[in-house]
Amino acid sequence: VILAAVPPTAAGTDPLDVLRSSGASELLGAGVLAFSLSAIVTSFIGFVVALTDFFADVFGAAGAANGSAESGDWRSRGRDFALTLLPPLAVSCYDPSLFFQAIDKAGAFGVSMLFGFLPAWLALAQRASESPVLVNSPGFLGGYTR
């Protein structure tokens, strides 16, 4: 339910499909599609640039120590792009549904961290700033010293 744009009878359907197919406007459907595609493309570009730079740094430092060519030549760039793009491609060709399972697991982990552990850690940090005895290790097992 996105700002009541999805009718209540459309339970279980994709809200983006409902927005695109609604008779409100062709412009709305095109805007939703453009926004969705731009989100996918920009995250893909960020992933490729970051991981390619990471591999260039890792193998560039190893190559500089061995006295090999600089990391800017086409072979090293090809190697970095291959290391970035071929493993995800192989995994997605092996099991296309694995990505959605990973997203579900990552989402569950993030939600449990955000709403489960983070409030407890914040409360402990606040209490520790007010009373350092709560975070000092006790002199004996099973209790705190005051």
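**Exercise 1. Contacts of Thr84**

Which residues does Thr84 touch, not counting residues up to four places away in sequence?

*Solution.* The model is predicted, so local features need pLDDT of at least 70 and side-chain atom pairs count only at pLDDT 80 or more, while totals for chains, interfaces and linings use all residues. Residues are numbered from 1 along each chain as its sequence is written, and side-chain values use heavy atoms, with hydrogens and water left out.

Step 1. Apply the contact rule: heavy atoms within 4.5 Å.

Step 2. Leave out residues up to four places away; Thr84 then touches Phe47, Val48, Leu51, Thr52 and Phe55.

Step 3. Place the residue. Thr84 is found in helix α3. Helices (H or I, at least four residues) and strands (E, at least two) are DSSP runs, numbered from the N terminus.

**Exercise 2. Burial and polar partners in α3**

State whether Thr84 and Asp80 are buried or exposed, and find what links the side chain of Thr84 to Asp80.

*Solution.*

Step 1. Take the classes: buried is under 20% relative accessible area, exposed is over 50%, and partly exposed is in between (1.4 Å probe, protein chains only).

Step 2. Thr84 has 1% relative accessibility, so Thr84 is buried. Asp80 has 2%, so Asp80 is buried too. Ser76 in α3 is also buried.

Step 3. The side chain of Thr84 reaches the backbone oxygen of Asp80 at 2.8 Å. A polar contact is a pair of N or O atoms within 3.5 Å; within protein, one must be able to donate a hydrogen and the other to accept it, and residues adjacent in sequence count only if both atoms are side-chain atoms.

Step 4. Asp80 also forms a salt bridge with Arg79, with the closest N and O atoms 3.2 Å apart. The rule asks for a side-chain nitrogen of Lys or Arg within 4 Å of a carboxyl oxygen of Asp or Glu. The structure holds one salt bridge. Arg79 has 32% relative accessible area, so Arg79 is partly exposed.

**Exercise 3. The span of α3**

Check the end-to-end distance of helix α3 (residues 74-94).

*Solution.*

Step 1. The expected span is 1.5 Å times one less than the number of residues.

Step 2. For the 21 residues of α3 this gives 30 Å, and the end C-alpha atoms are 29 Å apart, which agrees.

Step 3. Look for a bend, the angle between axes fitted to the seven residues ending at a residue and the seven starting there. At Ala82, α3 bends by about 25 degrees.

**Exercise 4. Aromatic pairs**

Classify the ring pairs Phe54 and Phe55, and Phe117 and Trp121.

*Solution.*

Step 1. Rings of Phe, Tyr and Trp (its six-membered ring) pair if their centres lie within 6.5 Å; planes under 30 degrees apart are stacked, over 60 edge-to-face, and the rest tilted. The count comes to four aromatic pairs.

Step 2. Phe54 and Phe55 have centres 5.5 Å apart and planes at 55 degrees, a tilted pair. Phe54 is partly exposed at 47%, whereas Phe55 is buried at 17%.

Step 3. For Phe117 and Trp121, the centres are 6.0 Å apart and the planes at 25 degrees, so this pair is stacked.

Step 4. Phe117 and Trp121 lie in helix α4 (residues 98-130), four residues apart, about one turn. An α-helix has 3.6 residues a turn, so residues three or four places apart point the same way.

Step 5. Ring pairs also link Phe54, Phe55 and Phe59 into a cluster.
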